[in-house]
Amino acid sequence: FPTSSKIFYLKHISRSDEVDRSTNSIRSTDDRYGRLIKLDAGCIYSQNATTEMDEELDFDSWVTQMKVQSDSFRFWANIIDFQKLVLCFVRSLREADFHLFIASLDKLCGFFFALNHVHYARWATVFVNDLKLLQMTKPDLYAKFVAGLFVAKKSDGLYNNIGFDHFHETNNKTVKSKKSYSDLFNKEKDDFLRKLEIVTPDISSFLSQIQSSYSSNKSKEESKTFTSKFVNDCIKLKQSITTNPFDDTPLHKLNTAIIFSEETVQAMNDVFVVGEKQKTTFIEDRLVFGKSDVMDTLTKNNLALPSCCNAHKSAPVARTLTSKTLIKLREAAEKRKDLALKVFESDFTGRY
């Protein structure tokens with residue numbers, strides 16, 4: 001699993017084959033695009049900082065040395081590693097690489113612990129642990145996953161594999177976004193809605209076949225327009241940063257003279273270390289030796305991160321309920337009254 005490699009620090013990283021093939025799984029296209037822009041700008045600045053590199057050191061050794069000497073370099077180098085990690089997770093789905101999927105998700109679990117995402121931390125760790133044991137517990141299923149059957153193929157183009165949950169959401173969006181389709185719903189009969197859930201994938205597949213008959217499988221990211229826009233956005237981001245964050249300077253806010261306190265600097269660096277230790281302890285105590293139950297409370301961290309220190313509480317948004325909305329809420333409540341009674345009965349008596 002590549003955690004540090006010179007290829008990721010080259011100037012044209014974001015257009016290289018190493019990253020070009022990692023595009024979807026992070027659900028928002030803008031989010032993926034933004035990560036590539038940030039990664040590219042960070043790599044350019046780190047490459048510029050090599051002018052002071054000792055000629056006797058190779059690149060990886062120099063990065064390790066600078067992480068020890070400079071708080072600013074260590075933080076931004078860790079940010080680059082994190083962006084690479086997310087893109088590796090994207091790539092594992094796009095290329096149906098089961099081993100990379102496990103390795104990248106395993107690394108991400110540490111951040112769930114560090115940043116107090118307790119539900120993700122608990123169940124993502126259990127999920128990854130089950131996948132690691134799959135070769136021994138379910139060898140047939142493991143062989144199918146290794147063959148790439150843990151993802152769904154969105155189209156006939158290259159690198160168009162996505163997770164099954166994402167695929168299901170895509171089907172719903174494809175069908176429901178068609179003009180006037182929702183007007184055909186018989187929303188008063190539950191039987192119709194259940195049948196609709198069954199036929200939705202077939203409708204989506206039919207629409208995809210029609211679309212593929214007159215559209216190209218070529219990705220839009222291979223077009224000259226996208227490449228030109230990407231390069232321009234990288235240049236704009238680089239020009240907006242007035243100082244090189246990889247220089248041997250105190251860690252400070254970009255384009256300002258505000259230097260972070262030692263406590264904040266330590267907290268930002270602990271994010272990349274503390275979570276991994278907590279994940280290891282969780283696995284040993286709850287999944288291996290059984291010293292405590294999986295459902296026992298997870299201890300949250302109190303890291304003095306900048307977003308916590310400078311948090312600004314926005315005023316609560318005033319919500320107004322119209323008579324039309326209230327009528328809809330009442331109709332929905334009356335329709336589901338019997339089901340709600342059964343649910344409450346099951347919670348208190350366990351008979352449902």
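**Note on helix packing around α5**

1. Asparagine 116 is found in the loop between α5 and α6. In this predicted model, asparagine 116 has a positive phi of about 65°, although it is not a glycine. Most residues other than glycine have a negative phi. Asparagine 116 counts as partly exposed because its relative accessible area is 27%, and the buried class stops under 20%.

2. A second positive phi falls in the loop between α4 and α5, at alanine 96. The value there is near 55°, again in a residue other than glycine. Is alanine 96 buried or exposed? Alanine 96 is buried, with a relative accessible area of 16%. Both loops adjoin α5, which makes the backbone at these two residues a reasonable place to begin a check of the model.

3. For the chain as a whole, the secondary structure comes to 16 helices and 2 strands. The protein chain has 352 residues, of which 36% count as buried. Its accessible surface is about 23,000 Å², and carbon and sulfur atoms hold 55% of that. Among contacts with a separation of 6 or more, 65% join residues 24 or more positions apart.

4. Two packed helices are described by the angle between their axes and the distance between the axes. For α4 and α5 the angle is about 145° and the axes are 8 Å apart. The crossing of α4 past α5 is left-handed. On the α4 side the residues that meet α5 include Phe82, Leu85, Val86, Phe89 and Ser92. Their partners in α5 include Leu100, Phe101, Ser104, Leu105 and Phe111.

5. Serine 92 is one of the α4 residues in that interface, and α4 itself spans residues 71-94. How much relative accessible area does serine 92 have? The value is 0%, which means that serine 92 is buried. Beyond its neighbours within four places in sequence, serine 92 is in contact with Asp97, Leu100, Phe101, Ser104 and Phe150. Serine 104 lies 12 residues from serine 92 along the chain, with 8.1 Å between the two C-alpha atoms.

6. Helix α5 also packs on α13: their axes come within 7 Å and cross at roughly 100°. α5 is therefore roughly perpendicular to α13. Asp106, Lys107, Cys109, Gly110, Phe113 and Ala114 form the α5 side of this contact. The α13 side consists of Gly275, Glu276, Gln278, Lys279 and Phe282. Lys107 of α5 is listed in the contact with α4 too.

7. Helix α6 (residues 118-132) packs on α13 (residues 274-288) at an angle of about 70°, with the axes 11 Å apart. These two helices are therefore roughly perpendicular to each other. α6 passes α13 in a right-handed crossing. Arg122, Thr125, Val126 and Asn129 of α6 meet Lys279, Phe282, Ile283, Arg286 and Leu287 of α13. Lys279 and Phe282 of α13 also meet α5.

8. Asparagine 129 belongs to α6 and takes part in the contact with α13. Which residues does asparagine 129 touch, leaving aside its neighbours within four places in sequence? They are Ile283 and Leu287. Asparagine 129 is buried at a relative accessible area of 19%, a value to read against the cut-off of under 20%.

9. In helix α8 (residues 139-149), Tyr142, Phe145 and Gly148 are buried. They lie on the same side of α8, because the arc they cover around the axis is only 150°. Asp140 and Ala147, on the other side of α8, are exposed. An α-helix has 3.6 residues a turn, so residues three or four places apart point the same way. The cover over the buried residues of α8 includes α5 (98-114) and α7 (134-137).

10. Leucine 134 lies in α7 and counts as buried, at 8% relative accessibility. Apart from neighbours within four places in sequence, leucine 134 is in contact with Phe98, Pro139, Leu141, Tyr142 and Phe145. Tyr142 and Phe145 are among the buried residues of α8. The C-alpha atoms of leucine 134 and phenylalanine 145 are 9.7 Å apart, and the two residues are 11 apart in sequence.

Key:
Residues are numbered from 1 along each chain as its sequence is written. This is a predicted model: local features need pLDDT of at least 70, side-chain atom pairs count only at pLDDT 80 or more; totals for chains, interfaces and linings use all residues. Side-chain values use heavy atoms; hydrogens and water are left out. Buried means under 20% relative accessible area, exposed over 50%, partly exposed in between (1.4 Å probe, protein chains only). Helices (H or I, at least four residues) and strands (E, at least two) are DSSP runs, numbered from the N terminus. The arc is that of the directions from the helix axis to the C-beta atoms. Contact means heavy atoms within 4.5 Å. Accessible areas come from the Shrake-Rupley method with a 1.4 Å probe; for residues, only the protein chains shown count as cover. Axes are lines fitted to C-alpha atoms, for helices over the stretch in contact, and angles run from 0 to 180 degrees between N-to-C directions. Angles under 35 degrees count as roughly parallel, over 145 as roughly antiparallel, 65 to 115 as roughly perpendicular and the rest as oblique. A crossing is left-handed if the near helix is turned anticlockwise from the far one by less than a right angle, and right-handed if clockwise.
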